[in-house]
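Trainee: I would like to go through this model term by term, and to ask at each step what justifies the word that is used.

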Amino acid sequence: MLDTLLGLLVVASLPLAVVAIPNTLSVVAGLLPPGLDQAGLMRTNGLALPALMLAVPLAGVALRRVPAAHLLVGGLALMALSDAAGGYAGSELLVGAVRVLRGVGAGLVLTTTLVAVWDRVAVLRALWAGVLGLSLLAAQAFALWPLDEVSSWRVTLQPYPLVTGVALGLAAVHLVAWMLLGRPGTPVPDLRDRGRLLLAAVPAAAIAVVAISTASEGWRAVPVMLLAAVAVVGLLALASTGVTRSRTPAYTMVAVGVVLLPSAAQVTLVEMGGLGGPGLRGLWVSYAAAGLLAVAASVLVRLFARGAARWLAPMGLLAMVVGLCSVRLVVPSADGMVLAVPFSLLAVGAAVALTAALQEAEIGAAVFGLSLGCTGVLAGFLLGTGVQMSMLDGVRSAQELVDSFVGALHWWALIGGFLVVAIIVLAAVMARRSGRGARAEEPAPPVEPPCAGIPISPPVDVLLVPAPSPADEEEEGPTGAIPRVVLPVSAMGAFDTAGVASGGEGPAVPPQGLSPEDGASS
């Protein structure tokens, strides 16, 4: 029963959580009352993503005290409250409060669903990864769909109230079933991982402040891109801490977060009907095909390729690179079915990479990677926005606007592809360095005693003990030393989870020394 409820919750709540990220207020700007500041509302409407970024690591820390089932209900309750309050928002302050509630609830949902499915049946973790990939791919489309021919701008604050109510009801039923079945335990991050989660909240807060500053102070394109690049480098540096098996989900989540949603959002906007594309109605078949393939690929990896995370994670990321290359070739297109190719490559690649990266990771490393990935989404949006600003500077006609917008998408696809390749290379280099740091030691040869072969007589007390006879001396043999035996530790490769046997147990004998990276993380 719990597994069925969790599966339904993942399908219903993950898209709701991710759809809170896009800022779509500009689409209904014409419906705003004259007394409201459009630019101010745009800034406050974008507070959902910073709130989500901070909620994910803090929810991971709170799991030590509050069960995941309770936090899941709380997260969906906050999202339902934001839906209800959105109908009454009429000022910048209220809009900001509603969006912050939405972001906090979404962050709780992302974290608690991952923790809740962690130790359940294998297919649930694969379902979580596949639905997350689909949600990131179609988030912009999901956010735009309710805005078709609306009469109120507040729809952006409450896009799917009915679905939110259904998800909250499922969470309540899951909580009751969890209590009736004896409160089955869920894994929680250990003390070291909780410290890393608190550390991950620092760059999330810094990037959020930078994003708000760029929106309110009117920064130019070059400073925005430079700050976004610094943010990505900081996330990768934080992901490089810890052992190899904890770095794998961190690198993967950063790559998926920075690239997938910002790229898919730009493709969706380029393919709108007003720009010559098929519009949302012409894209849903491609989205559905990509989503089904993503979930199926996640399940297959989880069930039949559990020991192949070392090469499946980078292969999934490379599939995303191919998808970005296809974006440069087929976008824009008036035929929505053609877009099934880039959408499928992006969604399937992300789902495979996430599933493989989470195969052998511990729950603390998984939540840590999720927190970095959510922060990476904002960094990717900042980088993509900087590219758009540089391309749209000096535009004078509608045709130039469309051409510059498409050119910005193509440049962003190129930048995103190189960034994913750089992350793959970084992961391989760091794994190889860790492998050299934990290189197996050769067993030490037996140590010969300094007087081997010479009979050694015991000490003699001339007053109490008679001197030994020659026969006694022949019975005494040479002394020897017990050789030191060091068991070799297997070297680790790229995206490897070395040192973990099947069943989650650690190595029989720990290595003799820590690698530089392990020492830094501790």
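The exchange below takes up burial, cores, enclosed spaces, cysteines and backbone geometry in turn.

Mentor: Keep in mind throughout that this is a predicted model. The chain has 17 helices and zero strands, and buried residues make up 51% of its 522 residues.

Trainee: Why is Ile424 called buried?

Mentor: Buried means under 20% relative accessible area, and Ile424, with a value of 12%, is therefore buried. Ile424 is found in helix α15, which covers residues 398-437, and its C-alpha atom is separated by 9.3 Å from that of Met315, a residue 109 places away along the chain.

Trainee: How do you know that His410 also counts as buried?

Mentor: The same cut-off of under 20% applies, and because the relative accessibility of His410 is 18%, His410 counts as buried. His410 is placed in helix α15, and, with neighbours within four places in sequence set aside, His410 is in contact with Val327, Arg328, Val331 and Pro332.

Trainee: What makes the peptide bond from Val331 to Pro332 worth a remark?

Mentor: Most peptide bonds are trans. The bond from Val331 to Pro332, however, is cis, with omega near 5°, and Pro332 is found in the loop between α12 (309-330) and α13 (340-357).

Trainee: What makes the phi angles of Glu149 and Arg183 worth a remark?

Mentor: Most residues other than glycine have a negative phi. Glu149, in the loop between α6 and α7, has a positive phi near 60°, and Arg183, in the loop between α7 and α8, has a positive phi near 55°.

Trainee: Why is Glu149 called exposed, and why is Arg183 called partly exposed?

Mentor: Exposed means over 50%, and partly exposed covers the range between that value and the 20% limit for burial. Glu149 stands at 77% relative accessibility and therefore counts as exposed, whereas Arg183, at 44%, therefore counts as partly exposed.

Trainee: How do you know that the chain has zero disulfides?

Mentor: A disulfide is counted where a pair of cysteine sulfur atoms lies within 2.5 Å, and by this rule the count comes to zero. As for the setting of two of the cysteines, Cys325 is partly exposed, because its relative accessible area of 45% falls between the two limits, while Cys374 is buried, because its 7% is under 20%.

Trainee: What makes a group of residues a nonpolar core?

Mentor: The members must be buried residues of the nonpolar types that the rule admits, joined through side-chain atoms within 4.5 Å. The largest nonpolar core has 136 residues, of which Leu110, Trp128, Leu137 and Leu372 touch the most other members. Leu372, leaving aside neighbours within four places in sequence, is in contact with Ala200, Leu235, Leu238, Ala239, Ala250 and Val254. Apart from the largest core lies another, of eight residues, including Ala297, Val301, Ala305 and Ala308.

Trainee: Why is one space called a pocket and another a cavity?

Mentor: The distinction rests on escape, because in a cavity a 1.4 Å probe fits but cannot get out, whereas a pocket is an open set of points. The largest pocket holds about 1500 Å³ of space, and of its 44 lining residues the closest to its centre are Asn23, Ser26, Met42, Phe381 and Thr385. Helix α14 gives the largest share of that lining, nine residues, and the lining divides into 26 nonpolar, 14 polar and four charged residues.

Trainee: How many cavities reach 30 Å³ or more, and what lines the largest cavity?

Mentor: The count comes to four cavities of 30 Å³ or more. The largest cavity holds about 120 Å³, and its 14 lining residues include Leu132, Leu136, Leu370, Gly373 and Cys374, the closest to its centre. Its lining has 12 nonpolar, two polar and no charged residues.

Trainee: What lines the second largest cavity?

Mentor: The second largest cavity, of about 90 Å³, is lined by 10 residues, with Arg192, Val243, Ser246, Glu362 and Ala365 nearest its centre. That lining divides into two nonpolar, three polar and five charged residues, and α8 supplies the largest share, three residues.

Note on methods:
Residues are numbered from 1 along each chain as its sequence is written. This is a predicted model: local features need pLDDT of at least 70, side-chain atom pairs count only at pLDDT 80 or more; totals for chains, interfaces and linings use all residues. Side-chain values use heavy atoms; hydrogens and water are left out. On a 1 Å grid over the protein atoms alone, a cavity is a set of points where a 1.4 Å probe fits but cannot get out, and a pocket is an open set with protein on both sides within 12 Å along at least five of seven lines; lining residues have an atom within 4 Å of a point. Grid points are joined across faces, edges and corners, and a volume is the space filled by probe spheres set on the points. Helices (H or I, at least four residues) and strands (E, at least two) are DSSP runs, numbered from the N terminus. Ala, Val, Leu, Ile, Met, Phe, Trp, Tyr, Cys and Pro count as nonpolar, Asp, Glu, Lys and Arg as charged, and the others, Gly among them, as polar. Buried means under 20% relative accessible area, exposed over 50%, partly exposed in between (1.4 Å probe, protein chains only). Contact means heavy atoms within 4.5 Å.
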